[in-house]
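I opened this one cold and jotted down what I looked up as I went. Here are my notes.

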Amino acid sequence: MGGQWGDEGKGKVVDLIAPSFDLVARYQGGHNAGHTVKFGEKHFALRLVPSGICRPGMLNVIGNGLVIDPRALLQEMDHLRASGVTVEDNLKVSDRAHVILPTHALLDGAREKALAGANIGTTSRGIGPCYETKANRTGLRIADLVDGDRFRALARPILEHHGALLKHFYGVEGTPVDETLETYAACGRTLARFVTDTSVFVNTRLSQGARLLCEGAQGVMLDVDHGTYPFVTSSSCASGGACTGLGIPPSCIGAVVAVMKAYATRVGSGPFPTELNDTLGERIRTRGNEFGTVTGRPRRVGWFDAVVARTSARISGIDALALTKLDVLDEVDAVQIAVAYEIDGRTVTEIPARADFYERARPVYRTFPGWKTSTFGIDVFEALPEKARSYVMALEEIVGANVALLSTGPKREQTVIRPGTALDEWLRTAAGQTA
Ligand code: GDP
Ligand code: IMO
Ligand code: MG
């Protein structure tokens, strides 16, 4: 799971460690996610399909906790196939996942526009409105989509209702109802053979001894309960979401890998105490290529925030910390970590519930000397410059978690797996079991 505001490098980490597992499953979110997987000359930006898909023989599951725009899913599957990735019997889609309708996306956009300066900065993919219809129990699920007649009958009044809302409240045209129904019914026919009760599927495999890797989307700070509400997404991104989003009991969760960048980024609005609104922030953005995978928006950039990291650890657990993009800080003179905040003259070590209070947080920093040497592609901890090692070890101490995986570049091999850490032992055991 992501331990910050998303885009921590979950796609890279999931793809990297996937071979030690039998199944990879997404449990929440939708095509607001953009998970990058790079190896050799290949480059994938995955949206709905789990990042295990690039590993031959891996089973990939899209769980009930997701919201799916069937057009986006089919397009992604086509792109994967065109790049030589098999997407057939190795992908299962939950019959209980909810369907994003075109009007969900229109409502998302219209609401954001109406909020003007106070908008969330959503990805405009209809994620929030779809989770809303799920919660108010008028949503349509994949099981409904694959039965064309049932879908047409159930979706028509929803599309008409959304259309009226869009027209009369926001002054926006809805979608042509008949055309939309036919497009979706066709998508349902194509998707049908991938659809199953994924809770039964996953639990059956688990009972046979299979190893499951759950892939979070977004990050704990975007979790609808635990994030910087209301500047969050509409699902449960924290590790707890894996149980409801896949239909597995909590006792199935053996360990949690939190993925965090060696600094921090955020896309969209909302509090970000360590944000760098200066030329240094600009340099880090350029070097880290911090532009949204989904929307292309420049990501806001700031220092690593240990208050955020400790909050993630408390809510989601951290058995292993995967720290990414260390190389992006290679040219920085001095590196900072926020260890606390000052809010209205008081020192605070927990995130306030109210976004307006959190907006006033001023970070209390610890400063570390920059290493000013390339770490790009280094795959052994001892080969890192001493100052980079010191930064990582200080971060571990401040957060209270071990950095078990350190990423020094976007590709698989540009990674340090620290010997003797929980992740290392666990990957070795898994490799042994598979062998
Ligand atoms: P996700 O949403 O958490 O999967 O992350 P994204 O894929 O949206 O964003 C992470 C970006 O950083 C991608 O472009 C990755 O290719 C890239 N990346 C991941 N790890 C590293 C790293 O260690 N160094 C560098 N330079 N890039 C990385
Ligand atoms: P991955 O999985 C970064 C952000 C949006 C916005 C807020 C709500 O690639 O880490 P939404 O469209 O979900 O209603 O938008 O959440 N957001 C992300 N930020 N990475 C993501 O996904 C995100 N998915 C949503 O920018 O601020
Ligand atoms: Mg992303």
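Before sorting any residues, I fixed my classes: Ala, Val, Leu, Ile, Met, Phe, Trp, Tyr, Cys and Pro go down as nonpolar, Asp, Glu, Lys and Arg as charged, and the others, Gly among them, as polar. I also noted at the top of the page that this is a predicted model.

**Entry: ligand 1**

I used those classes on the shell around ligand 1 and got 2 nonpolar, 9 polar and 7 charged residues. That shell has 18 residues, and K10, G11, T36, D327 and S407 are the closest.

Which element gives the largest share of this shell? I found that helix 1 does, with 3 residues. Helix 1 covers 10-17, and along with strand 2 (35-39) it is on my list of elements that each supply at least two shell residues.

Next I checked polar contacts to oxygen atoms of ligand 1. An N or O atom in the side chain of T36 is 2.5 Å from one, and for the side chain of S407 I also wrote down 2.5 Å. R299 brings a polar side-chain atom to 3.2 Å from a ligand 1 oxygen. On its own, ligand 1 has 580 Å² of accessible area, and the protein covers 93% of it. I looked up the pocket too: ligand 1 takes the space of the second largest one.

**Entry: ligand 2**

Ligand 2 sits in the largest pocket. I listed 20 residues around it, the closest being D7, K10, H35, T123 and T233. By class, I have 7 nonpolar, 10 polar and 3 charged residues in this shell. K10 caught my eye, since it is among the closest residues to ligand 2 and also among the closest to ligand 1.

For the contacts, I started with N32, which has a polar side-chain atom 2.8 Å from an oxygen of ligand 2. G34 uses a backbone N or O atom instead, 2.9 Å from a ligand 2 oxygen. V267 also comes in through its backbone, at 2.9 Å. How much of ligand 2 does the protein bury? Taken alone the ligand exposes 550 Å², and 97% of that is buried by the protein.

**Entry: a sheet**

I then traced an open sheet of 5 strands, with parallel pairing and the order 8-6-4-1-9. Strand 8 (195-196) and strand 9 (212-215) are at the edges with a single partner strand each, so one side of each has no neighbour in the sheet. Strand 6 (residues 91-94) pairs with strand 8 over 2 bridges, in the parallel sense. I pinned down one facing pair there: V93 stands opposite V195 of strand 8.

Technical notes: Residues are numbered from 1 along each chain as its sequence is written. Chains are lettered from A and ligands numbered from 1 in the order in which they are written. This is a predicted model: local features need pLDDT of at least 70, side-chain atom pairs count only at pLDDT 80 or more; totals for chains, interfaces and linings use all residues. Side-chain values use heavy atoms; hydrogens and water are left out. A residue is near a molecule or strand if one of its heavy atoms lies within 4 Å of it. A polar contact is a pair of N or O atoms within 3.5 Å; within protein, one must be able to donate a hydrogen and the other to accept it, and residues adjacent in sequence count only if both atoms are side-chain atoms. Accessible areas come from the Shrake-Rupley method with a 1.4 Å probe; for residues, only the protein chains shown count as cover. On a 1 Å grid over the protein atoms alone, a cavity is a set of points where a 1.4 Å probe fits but cannot get out, and a pocket is an open set with protein on both sides within 12 Å along at least five of seven lines; lining residues have an atom within 4 Å of a point. A molecule sits in a cavity or pocket if more than half of its atoms lie within 2 Å of its grid points. Two strands pair if DSSP finds at least two bridges between them. Helices (H or I, at least four residues) and strands (E, at least two) are DSSP runs, numbered from the N terminus.
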